[in-house]
Amino acid sequence: MIYYIATFIAIIAAVNGKIYFKENFNDASWESRWVVPSEWKPKGDMGAWKWTAGEFNADSADKGIQTSEDARFYGLSAKMDAPF
């Protein structure tokens, strides 16, 4: 019985969860919302992000970001809509 109650509480908590951050990368303006760090590695060691639907896709309009070079460092950060 306690197992069912715990499962029910976990389901209710998951359903009522607040979304703190959401990004779809479905438009080209993602670059204005995201910042590439510039002080932790030299610019020559940093790789470039590529906005693409990928090589194998079901919907070419559903795009995301992808690392474009091997053996490079990558980093991105974006401001959250609400604090934790």
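**Figure 1. The whole chain, from helices to strands.** This protein has two helices and four strands, and if you read along the sequence they come in the order α-α-β-β-β-β. Keep in mind that you are looking at a predicted model. How does its radius of gyration compare with that of a compact globule of 84 residues? The globule would come in near 12 Å, but the protein has 19 Å. Lay the C-alpha trace along its principal axes and it spans about 60 × 35 × 25 Å. Just 12% of the 84 residues count as buried. The protein exposes about 7,100 Å², with carbon and sulfur atoms supplying 58% of that area. Now take the contacts between residues at least 6 apart in sequence: 56% of them join residues at least 24 apart.

**Figure 2. Two tyrosines side by side in the sequence, Y3 and Y4.** How many aromatic pairs does a search of the whole structure turn up? The search finds six, and this view zooms in on one of them, Y3 with Y4. To describe a pair of aromatic rings, you give the distance of the centres and the angle of the planes. Here the ring centres are 5.9 Å apart and the planes sit at 70°, so Y3 and Y4 make an edge-to-face pair. Are these two residues buried or exposed? Y3 has a relative accessible area of 60%, so it is exposed. Y4 comes out at 61%, so it is exposed too.

**Figure 3. W49 and Y74, a ring pair that links distant parts of the chain.** The rings of W49 and Y74 also meet edge-to-face, at 5.1 Å centre to centre and with 65° between the planes. Where do the two partners sit? W49 belongs to strand β2 (residues 49-52), whereas Y74 is in the loop between β3 (64-67) and β4 (77-78). That puts the two residues 25 apart along the chain. W49 has a relative accessibility of 24%, so it counts as partly exposed.

**Figure 4. An aromatic cluster, with F25 as one of its members.** Which residues do ring pairs link into a cluster? The members are F21, F25, W30 and W34. Take a good look at F25, which has its place in the loop between α1 and α2. Its phi is near 60°, a positive value in a residue other than glycine. Is F25 buried or exposed? The cut-off for buried is under 20% relative accessible area, and F25 has 14%, so it counts as buried.

**Figure 5. Lysines over rings.** Two close-ups share this panel, each with a lysine and an aromatic ring. In one of them, K41 lies over the face of F73, at 4.2 Å from the ring centre. In the other, the ring belongs to W51, and the charged end of K63 sits over it, 4.3 Å from the centre.

**Figure 6. R33 with E23 and D27, a network of salt bridges.** Side chains of opposite charge can pair when their charged atoms come close. The count for this structure comes to three salt bridges. R33 forms one of them with E23, and their closest N and O atoms are 2.9 Å apart. This pair links distant parts of the chain: R33 is in helix α2 (residues 30-33), while E23 is in the loop between α1 (2-15) and α2, ten residues away. R33 also meets D27 in a salt bridge, at 3.0 Å from N to O. Put it together and E23, D27 and R33 are linked in a network. R33 has a relative accessible area of 35%, so it is partly exposed. D27 is at 35% as well, so D27 also counts as partly exposed.

**Figure 7. E69, R72 and A71.** Which residue forms a salt bridge with E69? The partner is R72, and the closest N and O atoms of this pair are 3.6 Å apart. With a relative accessible area of 33%, E69 is partly exposed. R72, at 36%, is partly exposed too. Next, find A71 in the loop between β3 and β4. A71 is not a glycine, yet its phi is positive, at about 55°. Is A71 buried or exposed? Anything over 50% relative accessible area is exposed, and A71 has 82%, so it counts as exposed.

Key. Residues numbered from 1 in each chain as written. Predicted model: local features only at pLDDT ≥ 70, side-chain atom pairs only at ≥ 80, totals over all residues. Heavy atoms only, no water. Phe/Tyr/Trp six-rings, centres within 6.5 Å; stacked < 30°, edge-to-face > 60°. Buried < 20%, exposed > 50% of the residue type's maximum accessible area, 1.4 Å probe, protein only. Lys NZ or Arg CZ within 6 Å of the ring centre and 35° of its normal. Salt bridge = Lys/Arg side-chain N within 4 Å of Asp/Glu carboxyl O. Rg over C-alpha atoms; globule rule 2.2 N^0.38 Å. Contact = heavy atoms within 4.5 Å. Areas by Shrake-Rupley, 256 points an atom, 1.4 Å probe, with all protein chains shown as cover.
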